[in-house]
Amino acid sequence: MLYRLLYALVLRRIPPETAHALAARGVTLAHRLGLLRVLGRPDPVLAVEALGLRFESPLGVAAGVDKDASWFAGLGALGFGAVEIGTVTPLAQEGNPRPRVRRLTADRALQNSMGFPNPGADAVAARLVHRSGPTVVGVNVGRSKGATAERAAGDYRATVLRLAPLADYLVLNVSSPNTPGLRDLQAVEPLRGIVAAVREALAELGIERPVLVKIAPDLADEDVDAIADLALELGLDGIVATNTTVARAGLRTAGVPAAGGVSGAPLKARSIEVLRRLRARAGDRLVLVSAGGVETADDVWERLQAGATLVQAYTGFVYGGPGWPRKVNRDLARRLRGGTPPAGVEPASRA
């Protein structure tokens, strides 16, 4: 109630990107002062073993919330089982010109055309090297804005070389609509080359890390099948489904720019469709991470029943505020304690 009042009176009047930065600073400060310790850790019944890792909750925060690895510790203290930082590119880049984020309040959505603003792999590494605590931290890796298709694999390789030793898992982002030509990399052959480059980087480092790919909701069904087949062929660990959508049909908000991706409630139906298609195609041979339109514990439960092992949120957290992950965890724990966990959920105590 307090956050809703704050949002109505103050936050909605502040540009979205500015409000996001203020939230990051506030959560970070509260964490450093120890004010978030009173929240406690998620109920142990929520713990999930996946990707060779232990997640205290299946609910994680999607890439885009912590683009520069500046507040992952605070996000974990709020109740997220994992934080996927980034998207990170080899060198720092500013992203697209501002304003580049818009609230679509009537649709419970956001529209963004950020273009991967981030401080670069070296700066992110400097922030990750001191991390501690139980929160799983993944790194979402992308192609630089100015990189050609021929240079794309080299970009992914360079970032992985720098950050893989500091990450718990890696996600290859080939699906943001805000970097020209990026979604072309979802085609089977370009994606095959990127995965090969990443594998070479990991071999050079002499380490292993789970590698997943993040796909768009706007893919045709046959392309979703093709990526699932390729992921199985190459021995990838999983798929994150889905990124933001370029579709505008059905939006209640008028005048939404054609550029950029929409996240939040309008993405929910397609995100679940893609999840179910991936599950039908790959069974339990891939870890499926569902993102898009997650607003409540019921939404998380539905994704877990549909075959997801992990679930990520972004827009639901933006609108729900800092108490949102704790509430979702509490409601989800009640459901799990009330019956047998659905497919895709295996509490750590029984794994």
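This passage walks through a buried strand and its partners, a three-stranded sheet, a helix residue and a pocket in a predicted model.

A good place to start is strand β12, which spans residues 287-291. Five of its five residues are buried, so β12 is largely enclosed by the rest of the structure. In a regular strand the side chains alternate between the two faces of the sheet. Here, V287, V289 and A291 point one way from β12, while L288 and S290 point the other way, and all of them are buried.

The pairing of β12 involves strands β10 and β13. With β10 (residues 238-241), β12 pairs in the parallel sense over four bridges, and L288 of β12 is the bridge partner of I239. With β13 (residues 310-313), the pairing is again parallel and rests on three bridges; in this case S290 stands opposite V311 of β13. To get from β12 to β13, the chain passes through helix α9 (residues 297-305), and the resulting β-α-β crossover is right-handed.

Attention now turns to an open sheet of three strands, ordered β5-β6-β11, in which the pairing is antiparallel. Strands β5 (101-104) and β11 (261-264) lie at the edges with a single partner strand each, so one side of each is left without a neighbour in the sheet. From one strand to the next, the twist averages 25°. Within this arrangement, β6 (residues 109-112) and β11 are joined in the antiparallel sense by four bridges, with S263 of β11 serving as the bridge partner of L110.

Helix α8 covers residues 268-282 and includes A269. The relative accessible area of A269 is 51%, which is over the 50% cut-off, so this residue counts as exposed. A269 and G292 are 23 residues apart along the chain, and their C-alpha atoms are separated by 8.7 Å.

Finally, the second largest pocket holds about 530 Å³ of space. Its lining comprises 24 residues, and those nearest the centre of the pocket are H31, F72, A73, G74 and S132. Helices α2 (16-32) and α3 (72-78) are the elements that give two or more residues to this lining, and α3 gives the most, with five residues. By residue class, the lining of the second largest pocket divides into eight nonpolar, ten polar and six charged residues.

Definitions and conventions:
Residues are numbered from 1 along each chain as its sequence is written. This is a predicted model: local features need pLDDT of at least 70, side-chain atom pairs count only at pLDDT 80 or more; totals for chains, interfaces and linings use all residues. Side-chain values use heavy atoms; hydrogens and water are left out. Buried means under 20% relative accessible area, exposed over 50%, partly exposed in between (1.4 Å probe, protein chains only). Two strands pair if DSSP finds at least two bridges between them. A crossover is right-handed if, with the strands pointing away from the viewer, the path from the first strand over the helix to the second runs clockwise. Axes are lines fitted to C-alpha atoms, for helices over the stretch in contact, and angles run from 0 to 180 degrees between N-to-C directions. On a 1 Å grid over the protein atoms alone, a cavity is a set of points where a 1.4 Å probe fits but cannot get out, and a pocket is an open set with protein on both sides within 12 Å along at least five of seven lines; lining residues have an atom within 4 Å of a point. Grid points are joined across faces, edges and corners, and a volume is the space filled by probe spheres set on the points. Ala, Val, Leu, Ile, Met, Phe, Trp, Tyr, Cys and Pro count as nonpolar, Asp, Glu, Lys and Arg as charged, and the others, Gly among them, as polar.
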